[in-house]
Each structure stands twice: as C-alpha cells, then as structure tokens.
Amino acid sequence: HAPPPEPFGLGRARSLLEYERFTGVDFRRQVVHDRAKNGGVDPTLLPPQWAEEERDKMMKEQQLQDVASWAGKGNTEALRRQFPAASSGMAGGAVVVPPTPQRASPETARAREL
C-alpha cells in the first residue's frame, strides 16, 4: 500500500518502530500488547473483567429507566419529539420515572463492595 497523503501519514517526528514501541501495538503482526490494552497501568490495579461487565450492565439498566438520557439531559425539546407520552411526566425539564425495584445479583453486590 502507498502511504496516505499528508497530513495523514506517519510524519517525521519518529519512526514507525519508535511509535510501535511507544504505543504497545505491532501493526505488521496485528498484535496489541498488554501495555496498550491497559493504558500503561499495571493490570493488577485494574478492576476484574466481571466487575467491568457488571458495571456496564448496571449502567445500561439505569439508562433504560432514565428516558431523559436518551434525548440528552436537559434537552426537553428532543425528548418531547421522541417520547411525546413521557413529556407529561416532566418536572423542571427532567422526566421523573420511578426506578424499577430489582434484586441485586451476587456479582452486583461484589461490585458495589469494591
């Protein structure tokens, strides 16, 4: 492949090898090293994968209950256009949707303890 035209090329500040070492990515072999995956942070300092997955699950569940987040916080005009039925529950520019009680899974309880 021909290199992309300026300003999208490699540049002159460093070689490709220097850039690969800096980023932790081997473009030729298509390998992303742990340093790149973890942003240079020691993996033992990061939360375990199950905790990340549980956090994502909780965030999605909360977002599904908060209709205003779909249109953007404070964007009442977009909210009215997208969810006319929900507009009647607006108080001060926010939609009031009572949370659905849910029993926390053991993974959720462990994540909250962290």
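**Entry 1, Y19 and its partner.** I began with Y19, which is partly exposed, its relative accessible area being 33%. I keep in mind throughout that the model I am reading is a predicted one. I then searched the whole structure for aromatic pairs, and the search gave 1. The rings of Y19 and F27 have centres 6.3 Å apart and planes at 5°, so I entered the pair as stacked, given that planes under 30 degrees apart count as stacked. I looked up F27 as well, and with a relative accessibility of 43% F27 counts as partly exposed.

**Entry 2, a charge over a ring.** Next I turned to F22, and I noted that the charged end of R35 sits over the ring of F22, at 6.0 Å from the centre of that ring.

**Entry 3, the nonpolar patch.** Which residues make the nonpolar surface patch of about 500 Å²? I found that L10, L16, Y19, F22 and F27 make this patch, and I recognised Y19 and F27 from the stacked pair and F22 as the residue whose ring lies under the charged end of R35. I also placed L16, which lies in helix α1, a helix that covers residues 16–23, and I recorded that L16 is partly exposed at a relative accessible area of 38%.

**Entry 4, salt bridges.** I kept a general point beside me here, that side chains of opposite charge can pair when their charged atoms come close. How many salt bridges does the count give? I noted 3 salt bridges, and I went through them in turn.

I took D26 and R29 to begin with, and their salt bridge has its closest N and O atoms 2.8 Å apart. Is D26 buried or exposed? I found D26 to be buried, with a relative accessible area of 15%, because a residue under 20% counts as buried, whereas R29 is exposed at 55%.

I then moved to R55, which forms a salt bridge with E52 in which the closest N and O atoms are 3.3 Å apart. Both R55 and E52 belong to helix α3, residues 49–65, where they are 3 residues apart, or about one turn of the helix. The side chain of R55 also meets that of D56 in a salt bridge, at 3.0 Å from N to O, and I therefore wrote down E52, R55 and D56 as residues linked in a network of salt bridges. As for accessibility, R55 counts as partly exposed at 40%, E52 is partly exposed with a relative accessible area of 28%, and D56 counts as partly exposed at 34%.

**Entry 5, V31.** I looked up V31 in strand β2, which consists of residues 31–32, and noted that V31 counts as partly exposed at 28% relative accessibility. With its neighbours within four places in sequence left aside, V31 is in contact with G24, V25 and D26, and D26 is the residue I had already entered as the salt-bridge partner of R29.

**Entry 6, the whole chain.** Last, I stepped back to the chain, which has 6 helices and 4 strands, and from the N terminus on I read its elements as α-β-β-α-α-α-α-β-β-α. Of the 114 residues in the chain, 18% are buried. I noted an accessible surface of about 9,300 Å², with 56% of that surface belonging to carbon and sulfur atoms. Among the contacts between residues at least 6 apart in sequence, I recorded that 29% join residues at least 24 apart.

Technical notes
Residues numbered from 1 in each chain as written. Predicted model: local features only at pLDDT ≥ 70, side-chain atom pairs only at ≥ 80, totals over all residues. Heavy atoms only, no water. Phe/Tyr/Trp six-rings, centres within 6.5 Å; stacked < 30°, edge-to-face > 60°. Buried < 20%, exposed > 50% of the residue type's maximum accessible area, 1.4 Å probe, protein only. Lys NZ or Arg CZ within 6 Å of the ring centre and 35° of its normal. Helix = DSSP H or I, 4+ residues; strand = E, 2+ residues; numbered from the N terminus. Patch = residues over 30% accessible without salt bridge, like charges linked within 9 Å, V, L, I, M, F, W, Y side chains within 5 Å. Areas by Shrake-Rupley, 256 points an atom, 1.4 Å probe, with all protein chains shown as cover. Contact = heavy atoms within 4.5 Å.
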